[in-house]
Amino acid sequence: MLTKRTKYYQLISEYFQIFLGIILASIGLKAFLLPNGFLDGGVTGMALLVKTQVDINLSYLLILFSIPFLILGYYTVSKRIVVKSIISILGLAFFIHFENFAIITEDKLLISIFGGLFLGSGIGIAIRNGSVLDGSEILGVFINDRFGISIGKVILFFNVILFSITAFMISTEVAMYSILTYIVTAKVTDLVIEGFEDFIGVTIVSQEYSKIEAAIITELGAGMTLYKGRKGFGSTGKKQDFDIIHSIINRIDIKKMYRLVADIDERAFIVEFDVNNVKGGVLRRYLDRKKGKKLAGFLAEQNV
């Protein structure tokens, strides 16, 4: 159980990172997108679009357009997320209103890429710490909860409408650059949320499980979790009493892992899946391949 001091430091860390996300997002908007009339997706893009047609401060538009989504969030997500989101959106509006960043470049391609890079980094950091800077994610959660439509499809549909209006009201070129900005923003947001670690999860089912376990430990230096398999039916008939191997492999080692398994049992059943974040476990100790005493000790424990 976390102590009060730990919770206090954790809370400070979350709000500090949200503050950092707000700064990055405001740089993307004020130094790249806004001075050049480019848009992003979601509520931010909607506010930018309206800004091109009416002389209203972008900060006010962001707050105004975020209100309906925050109300949806009150009935959809936790109250803590709504409170953090209100603070984050107000903070972003504050920075946009008072900060004036120098225009870094007038190259349209660089504007789209780096504007999306800064904005996506800010949004991703905020989401990773339990907040949102753009209400379209809350809309996606709400519609998914009510109608079962995926959040990604909801946001995509929202942005298709937004960019279609942009092409009609401003220009097709601006709409195309805005789509590029949105793609960069979305990809960077995913990267920040999911992390930079490049791991692959694998589940292996084989009658030669003991040999595969030893090969993964000695050749890859990766840890694993073993599940006891009771019954199953495969191409070779009914199977009983075998271990199911669950391991996390560095992506660079995945081909080597397949070769190791194939050398032992070419008919082994392998399921591969993406891993967004890894914490703790033996994985951290063995990925650097410093097997030495630690690995020897681990193998000795297995033989006890």
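At 41% relative accessibility, Glu-173 counts as partly exposed, and its salt-bridge partner makes a handy way into this predicted model. That partner is Lys-108, whose side chain meets that of Glu-173 with 2.8 Å from N to O. Glu-173 sits in helix H8 and Lys-108 in helix H5, so the contact ties together parts that are 65 residues apart in sequence. Lys-108 is partly exposed too, with a relative accessible area of 36%.

This pair is not alone, as the structure holds five salt bridges. Another one links the side chains of Arg-80 and Glu-14, at 3.3 Å from N to O. Here Arg-80 belongs to helix H4 (residues 79–98) and Glu-14 to helix H1 (residues 4–33), so parts that are 66 residues apart in sequence get tied together. Glu-14 counts as buried because its relative accessible area is 15%, which falls under the 20% cut-off. Glu-14 also meets Lys-84 in a salt bridge, this time at 2.5 Å from N to O. With Glu-14 in H1 and Lys-84 in H4, the pair ties together parts that are 70 residues apart in sequence, so H1 and H4 turn up here as well. Lys-84 is buried, just as Glu-14 is. Since these salt bridges share partners, Glu-14, Arg-80 and Lys-84 are joined into one network.

Next comes the open space in the model. The largest pocket holds about 350 Å³ of space. It is lined by 17 residues, and those closest to its centre are Glu-137, Ile-155, Tyr-182, Ala-186 and Thr-189. Four helices each give two or more residues to this lining: H5 (108–128), H6 (136–147), H7 and H8 (172–194). H8 supplies the largest share, with six residues. By character, the lining is a mix of six nonpolar, seven polar and four charged residues. Two of the contributing helices, H5 and H8, are the ones that carry Lys-108 and Glu-173.

Helix H7 comes up again on the outside of the model. Phe-157 has its place in this helix, which covers residues 151–169. With a relative accessible area of 57%, Phe-157 is exposed, as the cut-off for that label is over 50%. Phe-157 also helps to make a nonpolar surface patch of about 610 Å², together with Ile-161, Ile-165, Phe-168, Met-169 and Ile-170.

Methods
Residues are numbered from 1 along each chain as its sequence is written. This is a predicted model: local features need pLDDT of at least 70, side-chain atom pairs count only at pLDDT 80 or more; totals for chains, interfaces and linings use all residues. Side-chain values use heavy atoms; hydrogens and water are left out. Patches are made of residues with over 30% relative accessible area and no salt bridge: like charges are joined within 9 Å, nonpolar side chains (Val, Leu, Ile, Met, Phe, Trp, Tyr) within 5 Å. Accessible areas come from the Shrake-Rupley method with a 1.4 Å probe; for residues, only the protein chains shown count as cover. A salt bridge is a side-chain nitrogen of Lys or Arg within 4 Å of a carboxyl oxygen of Asp or Glu. Buried means under 20% relative accessible area, exposed over 50%, partly exposed in between (1.4 Å probe, protein chains only). On a 1 Å grid over the protein atoms alone, a cavity is a set of points where a 1.4 Å probe fits but cannot get out, and a pocket is an open set with protein on both sides within 12 Å along at least five of seven lines; lining residues have an atom within 4 Å of a point. Grid points are joined across faces, edges and corners, and a volume is the space filled by probe spheres set on the points. Ala, Val, Leu, Ile, Met, Phe, Trp, Tyr, Cys and Pro count as nonpolar, Asp, Glu, Lys and Arg as charged, and the others, Gly among them, as polar.
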